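Trainee: Could you take me through one part of this model in close detail? I'd like to follow the aromatic rings and what lies around them.

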Amino acid sequence: MSSEQIPLRLCAASFASIVGENAVCPWENLTANQQQLISQAIIPGSLPSCIVYPRTTEQLAEAIAQSNHNQWCVFACGSGSKLSWGGLVKGVDVVISTKHLNKLIDHAVGDLTVTVEAGMKFSDLQAILAKANQFLALDPVAPESATVGGIIATADTGSLRQRYGSVRDQLLGITFVRADGKIAKAGGRVVKNVAGYDLMKLFTGSYCTLGVISQVTFRVYPLPEISGTVVLTGTAEDVSQAAATLRGSELTPTQADLLSMQLVSELGLGKGMGLIARFQSIAESVKEQSNRLVEVGQQLGLQGTIYAGADEADLWQRLRESMHVSSSESAITCKIGVLPTAAVEILMQAQKGLIHIASGLGVLRFESEAEVERVLGMRSLCENHRGFLTILTAPVAVKQKLDVWGYTGNALGMMRRIKALFDAKNILSPGRFVGGI
């Protein structure tokens, strides 16, 4: 059912009776920026009738149940920092935002766990944890605005996976609302509890197509005493050797990425390809490990620089912004995955990109939609190296023409059966996931 078939007053009134009139905003009352943000995620011509802001899991469940009863298509989101990721959603009738589900439920400092509602912003959670000298070891694209639910839904881990693993590895429990409006749980609040582990894996990176997460429990870690970052730059061959040496050494970086030549130049880090590695521990360990990596670089003829304090923080912020923030509306950002041994070859063919040295996951950026052929060429190159290329952000016109996910595996049938089990009426963000799911 499209929004054109839903009388606006009926739709708004249905949700207002659940969340209150002040928590329902008709589409025409949204700001131009909000409308543009949502429009980036949906197929043109299927504008939603309203956006709903539940404040409790129970309200969220009632809103989903109401949508399911009326077969209204729901596009769920948090703060909207990654609405432009994934495929275009078909026939959206209502947007439901969890941004007001933002309470701290429990912080077991001694057990190194924290439970929060899914709409809590990542930056707010880190501020809470910092008071106990702890942190959540994720590095999302938009740390100031991203919600923890959105981070899980899009599997937005970042470079910290080098030391701490992915979102899945740090997720201990979730509460979510099913497509029929029922509230369900998986996992628990203790590190050793593995009940529902597979279900949590299923929801991580599912883009809200199986259910809407309302509450999460993470494992957390003590804040490191000090941090230091080493940047090595030079020829692709030498940087590749440095990365191989680092992977096989006893050094324990928390973040370690290979950087393309254009990215190195843009950040003013030197010439050639780059290797950036961050060490976080006690002061003596950081100093020793940083110096040892610089020595590795010197033996290979690479230029080495150590960053600390404000300079280091600025470097990582500029790196994130260079890859994910652009004034151009036609830019295309892609997530890739290849064998780590093929990372340098991929980056030699790319203009702007980075790849994590351990996982082989990374990001490529193309500044114009005119580079669609280059995107497809890079997809073929990644696939030739037993990898993949998925388009994260791109103009709507580009996403309408291309297969955003580019999935070539044999599990699509199983994915569709799982979708049918969780969302029989196909009301949760249809079209946003692999294969139009």
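Trainee: Before the rings, how many disulfides does the structure hold?

Mentor: The structure holds 0 disulfides, a disulfide being a pair of cysteine sulfur atoms within 2.5 Å. Keep in mind that this is a predicted model, where local features need pLDDT of at least 70 and side-chain atom pairs count only at pLDDT 80 or more, while totals for chains, interfaces and linings use all residues. Residues are numbered from 1 along each chain as its sequence is written, and side-chain values use heavy atoms, with hydrogens and water left out.

Two cysteines are worth a glance anyway. Cys50 counts as buried at 1% relative accessibility, and Cys73 is buried as well, at 6%. Buried means under 20% relative accessible area, exposed means over 50%, and partly exposed is in between (1.4 Å probe, protein chains only).

Now the rings. The structure holds 7 aromatic pairs. Rings of Phe, Tyr and Trp (its six-membered ring) pair if their centres lie within 6.5 Å; planes under 30 degrees apart count as stacked, over 60 as edge-to-face, and the rest as tilted. One of the pairs is Tyr164 with Tyr221, which is tilted, with 4.7 Å centre to centre and 55 degrees between the planes. This pair links distant parts of the chain: Tyr164 sits in helix H6 (residues 161-164) and Tyr221 in strand E11 (residues 221-222), 57 residues apart. Those labels come from DSSP runs numbered from the N terminus, with helices (H or I) of at least four residues and strands (E) of at least two. Tyr164 is buried, at 11% relative accessible area. Together with Phe135, Tyr164 and Tyr221 form one aromatic cluster.

Next comes Phe203 with Phe422. Their ring centres are 5.9 Å apart and their planes lie at 70 degrees, so this pair is edge-to-face. Because Phe203 belongs to helix H8 (residues 197-203) and Phe422 to helix H16 (residues 412-422), the pair ties together parts that are 219 residues apart in sequence. Phe203 is buried, at 1% relative accessible area, whereas Phe422 counts as partly exposed at 23%.

Phe422 also has a partner in Leu199, another residue of helix H8. Setting aside neighbours within four places in sequence, Leu199 is in contact with Phe176, Ala186 and Phe422, where contact means heavy atoms within 4.5 Å. Leu199 is partly exposed, with a relative accessible area of 23%. For a sense of scale, the C-alpha atoms of Leu199 and Gly353, 154 residues apart along the chain, are separated by 32 Å.

There's a tryptophan to look at too: Lys82 lies over the face of Trp85, at 5.8 Å from the ring centre. A charge sits over a ring if NZ of Lys or CZ of Arg is within 6 Å of the ring centre and within 35 degrees of the ring normal. While you're in that stretch, look at Ser84, which is in the loop between strand E3 (74-77) and strand E4 (94-97). Ser84 is buried, with a relative accessible area of 14%. Neighbours within four places in sequence aside, Ser84 is in contact with Gln40, Leu392, Thr393 and Lys399.
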